[in-house]
Amino acid sequence: MKEALEEVFAEVSRNRDYAVNILTNLIKIRAVNPAFGGEGEFKRCLYLEKVLRELSPDSLQIIDVPDSRVPEGVRRNIVAIFEGSTRERLWIIAHTDTVPEGDRSLWKSDPYTPIISDGKIFGRGAEDNGQAIASSILAVKALRDAGIKPRVRIGLVFAADEEAGSTYGIKALMRRNTFGKSDLIVVPDAGSPKGDFIEVAEKHILWLKITVVGRQAHASMPHMGINAHRIGMKFALLLDEVLHAKFHERNELFSPPTSTFEPTKKEKNIDNVNTIPGVDVVYFDCRVLPGYDLNEVLEIVHTLKENFEKVYRVRINVEVIARSEAPPPTSPQSKVVQKLKTAIKLVTGLDARVGGIGGGTFAAIFRRVGYQAAVWSTVDETAHQPNEYARIANILQDAKVFATMALI
Ligand SMILES: [Zn+2]
């Protein structure tokens with residue numbers, strides 16, 4: 001075993017540029033999720049199909065899910081299987097879509113022109129989730145180049161639509177019975193800088209859209225209107241404080257150990273400075289510890305809304321735009337967690353911690369229907385940030401861990 005591992009690790013290192021090339025090619029194919037006005041998953045898939053075919057998979061399935069928002073009319077998913085010497089299956093599941101670049105002025109380089117500097121590859125989607133695509137392919141490539149047949153079958157899944165709910169991605173694949181309950185399922189879509197954190201639990205997720213409706217007026221005549229923007233700001237700040245005070249429990253299994261309530265997106269109100277806005281829209285992203293009930297959170301929001309409506313003579317509309325109750329956690333004793341721990345120890349020498357995060361990754365979808373899925377990767381946690389990057393060393397380390405999992 002030791003010899004086989006060393007051979008495979010040597011092949012991983014030898015194929016460094018191969019993996020770098022895959023990730024830089026992916027970054028060049030802009031694939032912002034259509035929910036955020038983008039496209040490109042399909043083009044990424046065309047490229048990945050070519051890369052996978054060169055590795056002669058035992059089967060390569062293309063699953064297209066209709067979606068009229070994209071030029072191709074379908075959202076493409078890829079499932080590639082590489083046979084092992086047993087029937088046991090190891091799935092490594094990554095997503096092809098990305099979030100938008102955000103405020104362009106915060107980027108030091110073009111988000112869709114990959115830059116390699118200081119051992120890092122910069123670009124939107126580099127870490128989330130391009131790194132996982134590159135590292136999982138690299139694991140298979142290294143096994144192939146070393147001429148070693150894995151013990152388990154390896155299934156690589158490159159799925160669409162993770163950043164906006166996975167309806168056109170993993171959820172569609174699950175309806176086709178792609179996965180089995182005894183399969184090992186690894187989702188490399190979160191982790192820690194050393195690669196010593198295995199995520200098995202998630203928080204509840206609640207996204208709120210809060211619309212304050214006042215009355216528009218000339219800015220010099222505030223008595224003629226009701227400034228929705230001022231009241232919207234007050235509401236958001238107070239809601240922020242009240243939620244943090246009320247839901248203050250800690251659970252050290254999670255990182256961070258508290259519930260989080262963040263005012264995030266702010267919708268544009270008016271074009272000119274000299275008009276009092278009649279409408280104000282702000283969004284909240286809430287990640288709530290599973291010990292709480294999301295209905296309690298919503299009750300607080302509604303109480304505050306009613307108070308504000310009375311005091312400020314506005315109408316406040318609270319819309320739940322996403323809600324997901326935390327699924328039952330993956331057992332720290334499950335086969336996938338145990339194997340992952342063993343592989344991490346063999347590759348890095350580290351004893352991995354097992355814990356929870358704010359979610360939500362693919363893993364929640366699996367856990368909800370009783371599959372044991374583990375989230376793991378080695379990341380600096382630059383996902384969704386300007387100047388997102390993936391460390392080349394992390395790609396190699398993750399590939400070694402995946403290859404080890406396939407051998408032990
Ligand atoms: Zn991701």
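**Two domains, and two buried residues**

I will start with Leu407, which lies in helix H10, spanning residues 392-407, where helices (H or I, at least four residues) and strands (E, at least two) are DSSP runs numbered from the N terminus. Before going on, I should say that this is a predicted model, in which local features need pLDDT of at least 70 and side-chain atom pairs count only at pLDDT 80 or more, while totals for chains, interfaces and linings use all residues. Residues are numbered from 1 along each chain as its sequence is written, and side-chain values use heavy atoms, with hydrogens and water left out.

Leu407 counts as buried because its relative accessibility is 7%, buried meaning under 20% relative accessible area, exposed over 50%, and partly exposed in between, with a 1.4 Å probe and protein chains only. Leaving aside residues up to four places away in sequence, Leu407 touches Met1, Leu5, Val8, Leu143, Ile148, Lys149, Pro150 and Arg151, contact meaning heavy atoms within 4.5 Å.

Turning to Arg124, this residue sits in the loop between strand S5 (120-122) and helix H4 (126-145), and with 1% relative accessibility it also counts as buried. Its side chain has a polar atom 3.3 Å from the backbone oxygen of Glu101, and it reaches the backbone oxygen of His384 at 3.4 Å.

Now the domains, whose bounds come from an automatic or database domain assignment: domain 1 covers 2-202 + 326-407, and domain 2 covers 204-324. Their centres, taken over C-alpha atoms, are 35 Å apart. How much area do domain 1 and domain 2 bury between them? The figure is about 750 Å², with 53% of it on carbon and sulfur atoms, buried area being the accessible area (1.4 Å probe) that two parts lose on being put together, summed over both. On the domain 1 side, Ala326, Gly356 and Gly358 lose the most area to domain 2, together accounting for 46% of what that side buries.

As for polar interactions, there are zero salt bridges between domain 1 and domain 2, a salt bridge being a side-chain nitrogen of Lys or Arg within 4 Å of a carboxyl oxygen of Asp or Glu. Polar contacts, by comparison, link four residue pairs across the two domains, both residues at pLDDT 80 or more; the term requires a pair of N or O atoms within 3.5 Å, and within protein one must be able to donate a hydrogen and the other to accept it, residues adjacent in sequence counting only if both atoms are side-chain atoms.
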